[in-house]
Amino acid sequence: MLEDPSDAESFRIVDANRAAAKITTPNSPNLLGTSLADFPRLLETPLPGQLLATLRNGEARDLGEISYGDDRIRQGVYSVRAFPLSNNFLGVAFEDVTDRIQAERTLRESEERFRLLVEGVQEYAIFHLDTEGNVASWNAGAQRLKGYESAEIIGQHFSIFYPEEVLMNDKPHDILARAVRHGQTQDEGWRIRKDGSRFWANVVITALHDSSGNLLGFAKLTRDTTENRERAEALNKAKELLELRVEQRTAVLTRVNPRECCYGDC
């Protein structure tokens, strides 16, 4: 209730529900009968003026969130809503949203750390595609590996990274379709850099869905495995050469041994 229509400090608490006890400190005096003047820290916030304006306007208002705490009120973040009643009475609802605010802050910080990690990775190209396969984000590893600046590639379809002979088979579309069906798909093959050069890539594409199962897009991780492939090919060639030499040596020994046996018998 507002005792002096010109003074917001004269708002006095005349009634409070049981939920009000949840926001008070353990040994807090009874809130009934106190006025805003008994909350000096609250007077330093915009809330008193907002309450007075709400009563004068005669319309309910959402006053937003306020971080507050004193000897009577637990420290926390409160969502405040005020609604005018008759005869200078004003209803005020306080909702403790501290846990929600903290959870949202923790989530934002976690997402920011993950974003910085992804953007800073140099060894892998990590980026997002929208539901159509267009590039939606770009990290430093993608720029180093593929040669495109972020402004050049975002919005382009990821098929730009595939050689012509692969595009003829509509492989990019098939890869996304497999990711949607199975949740994730892996592929290896030649990819094209901005300058036209080729590299052998190991690619993992993961379909991203919201809590309702709706497709949001794709996460794509690409590694340059050209050196590994070249080493494997060199090893295979060395193995084939060794096998060929063993076969040749065996053939020579087979031709030589019968003659030695003949000479021995003689």
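The side chain of Thr24 reaches the backbone oxygen of Ala21 at 2.8 Å, a polar contact (N or O atoms within 3.5 Å, one able to donate a hydrogen and the other to accept it; residues adjacent in sequence count only if both atoms are side-chain atoms). The model is predicted; local features need pLDDT of at least 70 and side-chain atom pairs pLDDT 80 or more, whereas totals for chains, interfaces and linings use all residues. Residues are numbered from 1 along each chain, and side-chain values use heavy atoms, without hydrogens and water.

Thr24 lies in the segment before α1. Thr24 counts as buried because its relative accessibility is 13%, the limit being under 20% with a 1.4 Å probe and protein chains only. Beyond its neighbours within four places in sequence, Thr24 is in contact (heavy atoms within 4.5 Å) with Leu31, Arg72, Ile73 and Arg74.

The largest nonpolar core (buried Ala, Val, Leu, Ile, Met, Phe, Trp, Tyr and Cys residues joined through side-chain atoms within 4.5 Å) has 22 residues, of which Phe127, Trp138, Phe161 and Ile205 touch the most other members. At least two residues of this core come from each of β4 (125-129), α3 (140-146), α6 (171-182) and β6 (198-209), and β6 gives the largest share, five residues. These elements are DSSP runs, numbered from the N terminus: helices (H or I) of at least four residues and strands (E) of at least two. Leaving aside neighbours within four places in sequence, the contacts of Phe127 include Trp138, Phe161 and Phe218. A second, separate core of 20 residues includes Ile23, Leu42, Leu47 and Leu55.

Conventions: Buried means under 20% relative accessible area, exposed over 50%, partly exposed in between (1.4 Å probe, protein chains only).
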